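Trainee: I should be grateful for a close look at a single part of this protein, namely one place where two helices meet. Please describe how they are arranged and what lies between them.

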Amino acid sequence: MGFGDDRLHERGIRLLTMDRPGMGSSTPDPKRTVFSTSDDYHAFVTTAVGDDRPVAVVANSQGSVFAMAMAQAGFASSLTLVSPADEVAHPDVHALLPPQTAALVDMIRDAPQEARKVFEAFTVDAMESMVVSTAGPGDRAFYTGEPFRTVYRTALKEGFANDGTGYVHDTLMAMSSWPVSLSRLRCPVRILFGEDDRTHSPDHGATLAKRMPSAEHKVVDGAGGALLWTHADLVLRCAV
């Protein structure tokens, strides 16, 4: 899924997106890690751009941990995290989670095979229903309106390709303790949250921002979890 399509040309921006292994038309990689995924991104970008200079990286939701790995490896000239999924296994964040979510995080740590079965049971329809039902009124209207709904459903089908293998692998990594050292992210980091975001972080990224040496943290009034699309111009200004 892209964003800011009507702003890219006027700003002279080329936006690259790609499938993570096991999603869309990309082959599953059962040995994939956070950092091997970062290396995949770097290889893709280097091939597309024609050199290996660091690039501006924007990440949304569950993609945040892989983008942070890119930044730690020196592949990012800047990092903009838009409604990033927080490190729910971190003690300070875990303490703020609703009981049901905290129990799931504990299951991933203590009984990963059981947790895998939970995620394997998810379907495209179940995921869409969960996202819409847990969203605030503004996000709900956006997610169910066109043209976003059609694009989102297509992305969900691609995300659950290969019987959901890539999605399950992604989720287990994202909801486990992250191998990324946040204090080692030296490129400029900006963290953006909508004030009505009810799902990505229990404190709108406040704890996450404190764990980075020089991160800028902004909570946008009147916005929700769909910030990447509803405030694309803001995101692009922060990213480049």
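Mentor: The following account begins with the chain as a whole and then turns to one helix pair. The model is predicted. The protein chain contains 13 helices and four strands. Its C-alpha atoms fill a box of roughly 45 × 40 × 35 Å along the principal axes. A compact globule of 240 residues would have a radius of gyration near 18 Å, and the 17 Å of the protein chain agrees with that value. Of the 240 residues, 44% count as buried. Among contacts in the protein chain with a separation of 6 or more, 71% are accounted for by residues 24 or more positions apart.

The pair chosen for the close look consists of helix α7, residues 124-134, and helix α9, residues 148-159. Their axes come within 9 Å and cross at roughly 130°. Angles over 145 degrees would count as roughly antiparallel, and those from 65 to 115 as roughly perpendicular; α7 and α9 are therefore oblique to each other. The crossing of these two helices is right-handed.

As to the side of each helix that takes part, α7 contributes V124, M127, E128 and V131. These residues meet R149, Y152, R153, L156 and K157 of α9. By class, the contact of α7 with α9 comprises five nonpolar and four charged residues, with no polar residues. In summary, α7 and α9 form an oblique pair with a right-handed crossing, and their contact combines nonpolar with charged residues.

Definitions and conventions. Residues are numbered from 1 along each chain as its sequence is written. This is a predicted model: local features need pLDDT of at least 70, side-chain atom pairs count only at pLDDT 80 or more; totals for chains, interfaces and linings use all residues. Side-chain values use heavy atoms; hydrogens and water are left out. Axes are lines fitted to C-alpha atoms, for helices over the stretch in contact, and angles run from 0 to 180 degrees between N-to-C directions. Angles under 35 degrees count as roughly parallel, over 145 as roughly antiparallel, 65 to 115 as roughly perpendicular and the rest as oblique. A crossing is left-handed if the near helix is turned anticlockwise from the far one by less than a right angle, and right-handed if clockwise. Contact means heavy atoms within 4.5 Å. Ala, Val, Leu, Ile, Met, Phe, Trp, Tyr, Cys and Pro count as nonpolar, Asp, Glu, Lys and Arg as charged, and the others, Gly among them, as polar. The radius of gyration is taken over C-alpha atoms; the globule rule is 2.2 Å times the number of residues to the power 0.38. Buried means under 20% relative accessible area, exposed over 50%, partly exposed in between (1.4 Å probe, protein chains only).
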